[in-house]
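The exercises below are to be worked with the sequence and the model side by side. Each has a task sentence and then a solution in steps.

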Amino acid sequence: MSSSPKPVKKVPIHLQSAQNRVYIKNGEIVNHDKNFKADVYIEDGTIKFVGAASDITVPGGVRVIDATGRMILPGGIDPHTRLQSPFGDTISTDDFYSGTKAAVAGGTTMIIDCVLPKKHESMIEAYDKWRSWADPKVCCDYALHVGVTWWSKSVSEEIGILSRELGVNSFKMYMAYKGLYMLNDPELLDVFERIRSLNCVAMVHAENGDVIDKNVKSLLAEGVSGPEGHELSRQEEVEAEAVNRACMLAHQMKTPLYVTGVTSKSSAELVGRARRSGYCVFGETLASSIGRSMSNVHKSELIYYITSPPIRMSAETPRQLMKSLAYDDLQVTGSDNCTFKKQQKEVGLNNFSKIPNGVNGVEDRMSLVWEKGVHQGLLDPCRFVAVTSTNAAKIFNIYPQKGRIAVGSDADLVIWNPHATRTISKTTDHHASDFNIFEGMSVHGVPEYVLVRGRICVDNGTLRVAEGFGRFIPMLVRPPFVYDIIDGKVKSHEVSSEHHEEHVNGNLAKKYGELGIIIPPQEPIHELLAAGGGGGSNCSSPSLKGAVEGRRDMQESSFSISEELDTSSVRPSIKVRNPPGGKSSGFW
């Protein structure tokens, strides 16, 4: 993408008419549930018309964009960023200007950041501080989660004020960072109970903080002080145990749970198994974990890739996580964008526990999901829209204002070239950091035009954002997508009965028709850990290996527990209506 001009502080009056009236013709609209040919007319930041060209008379003075051969997608929603975020004695380099500028460049038109109060700090004062940082700088719309970093009667009261009066419906707890942000199990139960009483959504960073604390001390005592100690202190089973425990605790309190930043296969499987057991839980994975592994990172570079939970070592993990998105064990992709310069990272060169945690991802998330998911045959375009935009909008109750191309929705959309490629590089990205963890990767899927509330911010590849143009979006309590599960109206793993034409899948239909799928026997999710699920699970992702030649009836599809075709015995299974990724609407 070409370098961007200097930002415009405010939209000039003489540009407002052209910016506010846009007509997009000849494109293919892709929503989470269907795709279709249609034109789109936008005025005053809102979609006013979606339909055939013969059904609209376009007024004069309108900017017309020809989207022939392109897809028109809802703008991406990144539900997990940490912009301008304090970490010890330093602050992440992407502030709310550079971070949202990078987001828009990559096709993301809304972010949800997280307020992180210090222990004993007022949550409302912290919220006000984040708003004062963000409001003058954001280039796209944004919302806020708020972290619960300690527990008291005053915290409980402030959660109520935030949810009723200040547009916050999601609260994040940390099961790690002992002595700093970590809550113990009794505190988690109390917070979950309070969140449920307010019809909000509980979020967790799931790692076992006690185990990590013990491991860090042991490793440092043994002389393991370099960056390699970070992953050794918090291996997959440390994440998986916390995911399992969080699911159980939230279920006991009848509280909807959103597990942030799932980075391992075993943890993704636990989320999926919990959902199939009837738990109201949603799982998010990250651009960093689906975009790369640590298998080919030189030891001298490890320090720049440190984040928590860690990017995993296995080269198979990114594909396994993408499969989990495909068959709905996971529902959302975020970035956890929290960038630092190399010098900031190197503070922890001789003590891995001091390394600032965080990497980039908000700009490259959309292209990475397209490359690793759609281009490699694991997702169809509708499922891509679901996991990059619509599901987040539904979970956090901003749908259909966001996450859908429909009359009345905000005109946040992307004209996407699915065939174009670009090479990711620090020399062309828009982050404030001095390295990019995806350096040199070639990806398919390029946002040629990006509209933020009708304003063209990427114009045929040229980025031009307006600092302060974004606005705060309140997230109201009791999202129907979530609380319909709590109320028993739908099941968390239920597949929607929406009709999904086979042409939506395009060439993927044949591939999925040949893909075998078995739903594993339903066991309590704690048995997965007991069976060794922490380090590698009994439940595996679908694979193209072992597929028979020719077209198979998808009603008879099944996937094997192993990557190879298993002929050792007949396994109990259930019929499924759609292959992974082939039913874009998932359970919603």
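Two strands pair if DSSP finds at least two bridges between them. Helices (H or I, at least four residues) and strands (E, at least two) are DSSP runs, numbered from the N terminus. The model is predicted, so local features need pLDDT of at least 70 and side-chain atom pairs count only at pLDDT 80 or more, while totals for chains, interfaces and linings use all residues. Residues are numbered from 1 along each chain as its sequence is written, and side-chain values use heavy atoms, with hydrogens and water left out.

**Exercise 1. Strand order**

Task: Find which strands pair with E9 and E10, and in which sense.

Solution:
- Step 1. Begin with E9 and E10, which are parallel and share six bridges. Within this pair, Ile112 has Ala143 as its bridge partner in E10, and Cys114 lies opposite His145.
- Step 2. Go to E6, which is parallel to E9 and joined to it by four bridges. Here Thr81 faces Asp113 of E9.
- Step 3. Go to strand E11 (residues 170-174), which is parallel to E10 and linked to it by three bridges. The partner of Gly147 in E11 is Lys172.

**Exercise 2. Handedness of the connections**

Task: Determine the hand of the β-α-β unit made by E9, H3 and E10, then that of the crossover from E10 to E11.

Solution:
- Step 1. Apply the rule: a crossover is right-handed if, with the strands pointing away from the viewer, the path from the first strand over the helix to the second runs clockwise.
- Step 2. The unit of E9, H3 and E10 is right-handed.
- Step 3. From E10 the chain passes through helix H4 (residues 153-165) to E11, and this β-α-β crossover is right-handed.

**Exercise 3. Burial of two strands**

Task: Explain why E9 is described as largely enclosed, and state which residues of E10 lie on each side.

Solution:
- Step 1. Set the cut-offs: buried means under 20% relative accessible area, exposed over 50%, and partly exposed in between (1.4 Å probe, protein chains only).
- Step 2. E9 is largely enclosed by the rest of the structure because eight of its eight residues are buried.
- Step 3. Strand E10 (residues 141-148) likewise has eight of eight residues buried.
- Step 4. In a regular strand the side chains alternate between the two faces of the sheet.
- Step 5. In E10, one side holds Asp141, Ala143, His145 and Gly147, the other holds Tyr142, Leu144, Val146 and Val148, and all of these are buried.

**Exercise 4. The surroundings of His80**

Task: Is His80 buried or exposed, and what does its side chain meet?

Solution:
- Step 1. His80 belongs to strand E6 (residues 76-81).
- Step 2. Its relative accessible area is 6%, so His80 is buried.
- Step 3. The side chains of His80 and Glu284 make a polar contact of 2.6 Å. A polar contact is a pair of N or O atoms within 3.5 Å; within protein, one must be able to donate a hydrogen and the other to accept it, and residues adjacent in sequence count only if both atoms are side-chain atoms.
- Step 4. Contact means heavy atoms within 4.5 Å. Beyond four places in sequence, the contacts of His80 include Ile112, Lys172, Glu284 and Asp336.

**Exercise 5. Backbone exceptions**

Task: Locate His120 and Asp336, which have positive phi without being glycine, and the cis bonds before Pro309 and Pro400.

Solution:
- Step 1. His120 has phi of about 75° and sits in the loop between strand E9 (108-115) and helix H3 (123-134). Its relative accessibility is 60%, so His120 is exposed.
- Step 2. Asp336 has phi of about 50° and sits in the loop between strand E15 (332-334) and helix H12 (342-345). Its relative accessibility is 4%, so Asp336 is buried.
- Step 3. The bond from Ser308 to Pro309 is cis, with omega near -10°, and Pro309 is in the loop between helix H10 (287-291) and helix H11 (317-326).
- Step 4. The bond between Tyr399 and Pro400 is cis, with omega about 5°, and Pro400 is in the loop between helix H14 (381-395) and strand E16 (413-423).
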